[in-house]
Amino acid sequence: MRKEWIPMLIQKRTITLRQMEDTMTDYELMREWFSEPELQEWVWCDEKDEAPVTIERIIEKYGSRIKNPTTVFPYFILRDQEPIGFIQYYIQDQVTIGLDMWIGIQKERNHGFGTDALKQMVEIIHNKYPDVKHVFVDPEIANKRAIKCYQKAGFKSSGEIVDGNLILRINFED
């Protein structure tokens with residue numbers, strides 16, 4: 001019997017970013033993600049192994065960042081307009097910005113969505129802050145998945161390790 005090759009159409013899923021909003025829907029989604037066991041291994045609201053994060057704690061932590069953004073700017077990662085993760089940037093100084101990111105839904109991990117989101121955020125930063133020279137991330141050394149994702153997005157190891165976290169950077173050319 002002859003096997004026939006049937007071309008498959010692969011639809012590229014669209015990854016976009018939107019600023020986190022001051023809504024119970026966004027806060028409850030954050031709380032849901034913080035309670036996901038695999039995510040808890042690497043991400044936390046304040047401290048690892050803290051009790052389940054309350055909605056009040058989420059609102060306390062993220063509400064001011066949403067209503068009066070000054071140094072921390074939270075965004076949701078959307079796949080086909082549905083939130084699947086979180087990314088935020090924070091201004092460290094006049095030339096350096098840091099990033100935090102995670103995919104909050106387990107089935108959405110390992111598909112390159114984080115890499116796409118990182119590339120978009122780096123572009124946003126580069127366009128919005130022309131004087132910034134460095135964007136960095138600081139995953140825990142044991143978080144191999146995150147490190148691989150950051151490297152795919154263009155981050156390079158600086159060789160620095162701070163508090164058990166590997167510093168990876170993108171340096172913008174002058």
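Is Gly-164 buried, partly exposed or exposed? At 36% relative accessibility, Gly-164 counts as partly exposed, because buried means under 20% and exposed means over 50%. These legends describe close-up views of a predicted model.

**View 1. Gly-164 sits in the loop between E6 and E7.** Look past the four nearest places in sequence on either side. Gly-164 is then in contact with Pro-139, Glu-140 and Ile-141. Pro-139 is 25 residues away along the chain, yet the C-alpha atoms of Pro-139 and Gly-164 are separated by 8.6 Å. The two strands joined by this loop are E6 (156-162) and E7 (residues 165-171). Four bridges connect E6 and E7, which run antiparallel. Across this pair, Ile-161 stands opposite Leu-166 in E7.

**View 2. Seven strands form an open sheet.** Their order is E1-E2-E3-E4-E5-E7-E6, and the pairing is mixed. Strands of a sheet pair through backbone hydrogen bonds, either parallel or antiparallel. Which strands stand at the edges? They are E1 and E6. Each has a single partner strand, so one side of each lacks a neighbour in the sheet. From one strand to the next, the twist averages 30°. Helix H5 (residues 144-152) lies across E4, E5 (134-137) and E7. H5 runs at about 10° to E7.

**View 3. Helix H1 (residues 24-34) has a buried side.** The buried residues are Asp-26, Tyr-27, Leu-29, Met-30, Trp-33 and Phe-34. Why do they lie on the same side of H1? They cover an arc of only 160° around the axis, which puts them there together. On the other side of H1, Thr-25 and Glu-32 are exposed. What do the buried residues of H1 pack against? Their partners include two helices, H2 (37-40) and H3 (55-67). They also pack against strands E1 (15-19), E2 (72-79), E3 (82-93) and E4 (96-103).

**View 4. Phe-34 and Trp-102 form a tilted aromatic pair.** A search of the whole structure finds ten aromatic pairs. In this one, the rings are 5.5 Å apart, centre to centre, with 50° between the planes. Phe-34 lies in helix H1 and Trp-102 in strand E4, so the pair ties together parts that are 68 residues apart in sequence. Phe-34 has 5% relative accessibility and counts as buried. Trp-102, at 8%, counts as buried too. Phe-34, Tyr-62, Phe-86 and Trp-102 make up one aromatic cluster.

**View 5. Two charged side chains sit over aromatic rings.** Arg-65 lies over the face of Tyr-62, at 5.1 Å from the ring centre. Tyr-62 is one of the residues in the aromatic cluster of View 4. At the second site, the charged end of Lys-128 sits over the ring of Phe-73. Its distance from the ring centre is 5.2 Å.

**View 6. Asp-80 and Gln-81 have positive phi values.** Most residues other than glycine have a negative phi. What is the phi of Asp-80? It is near 50°. For Gln-81, phi is near 70°. Asp-80 is found in the loop between E2 and E3, and Gln-81 is found in that loop as well. Asp-80 counts as partly exposed, at 36% relative accessibility. Gln-81 is exposed, with a relative accessible area of 54%.

Notes. Residues are numbered from 1 along each chain as its sequence is written. This is a predicted model: local features need pLDDT of at least 70, side-chain atom pairs count only at pLDDT 80 or more; totals for chains, interfaces and linings use all residues. Side-chain values use heavy atoms; hydrogens and water are left out. Buried means under 20% relative accessible area, exposed over 50%, partly exposed in between (1.4 Å probe, protein chains only). The arc is that of the directions from the helix axis to the C-beta atoms. Contact means heavy atoms within 4.5 Å. Rings of Phe, Tyr and Trp (its six-membered ring) pair if their centres lie within 6.5 Å; planes under 30 degrees apart count as stacked, over 60 as edge-to-face and the rest as tilted. A charge sits over a ring if NZ of Lys or CZ of Arg is within 6 Å of the ring centre and within 35 degrees of the ring normal. Two strands pair if DSSP finds at least two bridges between them. Axes are lines fitted to C-alpha atoms, for helices over the stretch in contact, and angles run from 0 to 180 degrees between N-to-C directions. Lists of a residue's contacts leave out its neighbours within four places in sequence.
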